[in-house]
Amino acid sequence: MQRIAVFPGSFDPVTIGHIDIINRGLPLFDKLIIGIGVNSQKKYLFPLEKRIEWLKKIFEYEDRVSVESYTGLTVHFCEQRNAQFILRGIRSAGDFEFEKAVSQTNRVLSRSIETIFILANPSLSVVSSSIVRDVIINGGDPKPFVPEEIEVSVHL
Ligand code: ADP
């Protein structure tokens, strides 16, 4: 059976921290689906189409990576795609506490799905989409934090 994982997130925008987790997670799975979760209650800085386009461009060389958006529960998306694993990155104790609750809840919702955690590379553990958004909104250059394949700019 193929080992399929979903890497869920908002990717608003995608950062070099996300890319590191995807690249380090890839050897563990046959297929990795980057799942962009769409929450109608949440406001995003970048449109969904842009976030999909960036991720597709970054991983166009890798057949095993696909990019999709989804609504609703991540475990339901995993079941629809026959994914047995959820991949998540952990940067800090705060991330751990949050991820622990989400993962344990997901285990109750779906016994067959296991969450796999990868610890952030120490040099990337301070990189987050929310800080990158702050940099952008305040006129800073996001380049050091985003993959070089993409051009992240907003006209606010
Ligand atoms: P969410 O919308 O669920 O907060 P994000 O798009 O911010 O998701 O991140 C998706 C996943 O990537 C999460 O597991 C998050 O912990 C992980 N991640 C984000 N930035 C980094 C980083 N710099 N290093 C390691 N993991 C990261």
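The questions below ask how terms are applied to this predicted model. Local features need pLDDT of at least 70, side-chain atom pairs count only at pLDDT 80 or more, and totals for chains, interfaces and linings use all residues. Residues are numbered from 1 along each chain as its sequence is written, and side-chain values use heavy atoms, with hydrogens and water left out.

Q: What makes R133 and D12 a salt bridge?
A: A salt bridge is a side-chain nitrogen of Lys or Arg within 4 Å of a carboxyl oxygen of Asp or Glu. The closest N and O atoms of R133 and D12 are 3.8 Å apart, so the pair meets the definition. R133 is in helix α5 (residues 129-137) and D12 in the loop between β1 and α1, 121 residues apart. The structure holds 8 salt bridges.

Q: Why does the S10 side chain count as making a polar contact with the ligand?
A: A polar contact is a pair of N or O atoms within 3.5 Å; within protein, one must be able to donate a hydrogen and the other to accept it, and residues adjacent in sequence count only if both atoms are side-chain atoms. A polar side-chain atom of S10 lies 2.6 Å from an oxygen atom of the ligand, so the pair qualifies.

Q: Which polar atom of V127 lies 2.8 Å from a nitrogen atom of the ligand, backbone or side-chain?
A: The V127 atom is a polar backbone atom.

Q: How many residues of each class does the shell around the ligand have?
A: The shell has 7 nonpolar, 5 polar and 5 charged residues. Ala, Val, Leu, Ile, Met, Phe, Trp, Tyr, Cys and Pro count as nonpolar, Asp, Glu, Lys and Arg as charged, and the others, Gly among them, as polar.

Note on methods:
Helix = DSSP H or I, 4+ residues; strand = E, 2+ residues; numbered from the N terminus.
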